[in-house]
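Colleague: I have a few questions about this chain before I go back to the bench. Can you take me through it?

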Amino acid sequence: MSRIHEALKKAEREGSGVTSLTDSRAPEREASIAGEREGLVKVAEVLPPPADASARVISFRFEDIKERCVQVTWRPDPLTDVFANTELGLEAAEQFRTLRSRIYHLQTEKSLRVILVTSPISGDGKSFVAMNLARAIVRQADRRVLVIDADLRSALLHSSLGAPVSPGLGEYLSGSADEMAVIQHGQEGGLYFIAGGSPVSNASELLSNARLKALIERTVPCFDWIIIDSPPCLPVADASLIAGLCDGVLLVVRSGSTPSSAARKACHELQKRNVIGIVLNGVSEKTLTYGSYYGRGQYSQATSGDST
Ligand SMILES: Nc1ncnc2c1ncn2[C@@H]1O[C@H](COP(=O)(O)OP(=O)(O)OP(=O)(O)O)[C@@H](O)[C@H]1O
Ligand SMILES: [Mg+2]
């Protein structure tokens, strides 16, 4: 964590918190895990989730998810898709490819397949980063990503896909829907999605129950990545709860917007979690020549022409 603190300090010293993304040392090695993925899949049947965490979890087969999940026609919002919207800047799409390369690189070093995306406060760009990272991955042939909106208090990720909000994770966690009723597949190839569901008043209780763990364990062998979008980590404990079920955490901070004190506090909150990197979101293209590189080979940033 101290390196992350150093990075935040350095960003602060540089005034706007803006630093560059380009790390020419980051190799374009991306792990091929398709074979491994197939090898992990064992059982075809769909069973009810276990009543408690100690129950034996039986994985799904990808073919079953593909066949039995909800098929929908998504109507994506082009304003939030960096691969569809050139107004966001070609650089933005390139930054997500860079971020993709970096997490694949990390995957070659350690077991990393389930990633939580969080940030200190609302509006930092968690949902933007989660969905565009997923899109960057599934643009590659044969890649599969499951994106889960775990912001049960204010689920919004479905709007960028133009997807139905329910039934979603809230319904699954409260036991009124099973996995196949909440996993959506639209027209974006290897992209699968679980929306947040109808708003709930007991988000922390639902996220602590054994069903979320079971959902991840059952689906993870079927996907190259599971990317979980979450609420901000400072006001509520939800993100920290989910982080305990994930292999790594991507922390998003927004240039010119996230207070550095909040960023530090978020690092402190997540210090016992495996923070794999910081995404500095919303960096002006003009500042991209300021070369810095944060963390353990995992720093990246998302840019767009219209952001600060
Ligand atoms: N780099 C960017 N360029 C342009 N627009 C962006 C960028 N990052 C985020 N946005 C836009 O800013 C708004 C807030 O982003 P987003 O919803 O992803 O934040 P969030 O951290 O998920 O917020 P919340 O905590 O409320 O869920 C959205 O309209 C999103 O499309
Ligand atoms: Mg969000």
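Modeller: What follows goes from the overall fold to the cores, one helix, the charged pairs, the cysteines and one loop glycine, all in a predicted model.

Colleague: How many helices and strands does the protein chain have?

Modeller: The protein chain comes to 12 helices and 9 strands.

Colleague: And what percentage of the residues is buried?

Modeller: Buried residues make up 57% of the 308 in the protein chain. About 12,600 Å² is exposed, and carbon and sulfur atoms supply 51% of that area.

Colleague: What share of the contacts comes from residues 24 or more positions apart?

Modeller: Counting contacts with a separation of 6 or more, 80% are between residues 24 or more positions apart.

Colleague: On to the inside. Which residues have the most contacts within the largest nonpolar core?

Modeller: Ile65, Leu169 and Ile228 have the most contacts inside that core, which has 42 residues. Helix H10, residues 210-219, gives the largest share of this core, with 4 residues.

Colleague: What is Ile65 in contact with, leaving aside neighbours within four places in sequence?

Modeller: With that restriction, Ile65 is in contact with Phe60, Met180, Ile183, Tyr192, Thr219, Cys222 and Phe223.

Colleague: What lies apart from the largest core?

Modeller: Another core lies apart from it, with 37 residues, including Leu99, Val129, Ala130 and Leu157. As general background, nonpolar side chains in soluble globular proteins tend to be buried together.

Colleague: Now helix H12. Which of its residues are buried?

Modeller: H12 covers residues 260-269, and Ala262, Ala263, Ala266 and Cys267 are buried there. These four are on the same side of H12, because they cover an arc of only 140° around the axis.

Colleague: Which exposed residues are on the face turned away from that buried side?

Modeller: Ser261 and Lys265 are the exposed residues carried by that face of H12.

Colleague: Charged pairs next. How many salt bridges does the structure hold?

Modeller: It holds 7 salt bridges. One of them joins the side chains of Arg97 and Glu94, at 2.7 Å from N to O.

Colleague: How far apart in helix H4 are Arg97 and Glu94?

Modeller: They are 3 residues apart in H4, residues 90-109, so about one helical turn separates them. Arg97 is partly exposed at 27% relative accessibility, and Glu94 is partly exposed too, at 37%.

Colleague: What about Asp238 and Arg153, where do they lie?

Modeller: The side chains of Asp238 and Arg153 meet in a salt bridge of 2.8 Å, N to O. Asp238 lies in helix H11 (residues 238-243) and Arg153 in the loop between strand S3 (145-149) and helix H6 (157-161), so this pair ties together parts that are 85 residues apart in sequence.

Colleague: Is Asp238 buried or exposed?

Modeller: Asp238 is buried, at 0% relative accessibility. Its partner Arg153 is partly exposed, at 39%.

Colleague: And Glu179 with Arg218, what do their side chains meet in?

Modeller: A salt bridge, at 3.1 Å from N to O. Glu179 lies in helix H8 (residues 179-182) and Arg218 in helix H10, so parts 39 residues apart in sequence are tied together. Both Glu179 and Arg218 are buried.

Colleague: Which residues are linked in a network of salt bridges?

Modeller: Asp81, Arg135 and Glu188 are linked that way.

Colleague: Change of topic. How many disulfides are there?

Modeller: The count comes to 0 disulfides. For Cys233, the nearest cysteine sulfur is that of Cys267, 8.4 Å away. A disulfide needs the two sulfur atoms within 2.5 Å, so 8.4 Å does not qualify.

Colleague: Are those two cysteines buried or exposed?

Modeller: Cys233 is buried, at 4% relative accessibility. Cys267 is buried as well, with a relative accessible area of 1%.

Colleague: Last one. Where is Gly123?

Modeller: Gly123 is in the loop between strand S2 (114-118) and helix H5 (126-138). The residue is partly exposed, with a relative accessible area of 48%.

Colleague: How far apart in space are Gly123 and Pro231?

Modeller: Their C-alpha atoms are 9.9 Å apart, while the two residues are 108 residues apart in sequence.

Technical notes:
Residues numbered from 1 in each chain as written. Chains lettered and ligands numbered in written order. Predicted model: local features only at pLDDT ≥ 70, side-chain atom pairs only at ≥ 80, totals over all residues. Heavy atoms only, no water. Buried < 20%, exposed > 50% of the residue type's maximum accessible area, 1.4 Å probe, protein only. Helix = DSSP H or I, 4+ residues; strand = E, 2+ residues; numbered from the N terminus. Contact = heavy atoms within 4.5 Å. Areas by Shrake-Rupley, 256 points an atom, 1.4 Å probe, with all protein chains shown as cover. Core = buried A, V, L, I, M, F, W, Y, C linked by side-chain atoms within 4.5 Å. Arc of directions from axis to C-beta. Salt bridge = Lys/Arg side-chain N within 4 Å of Asp/Glu carboxyl O.
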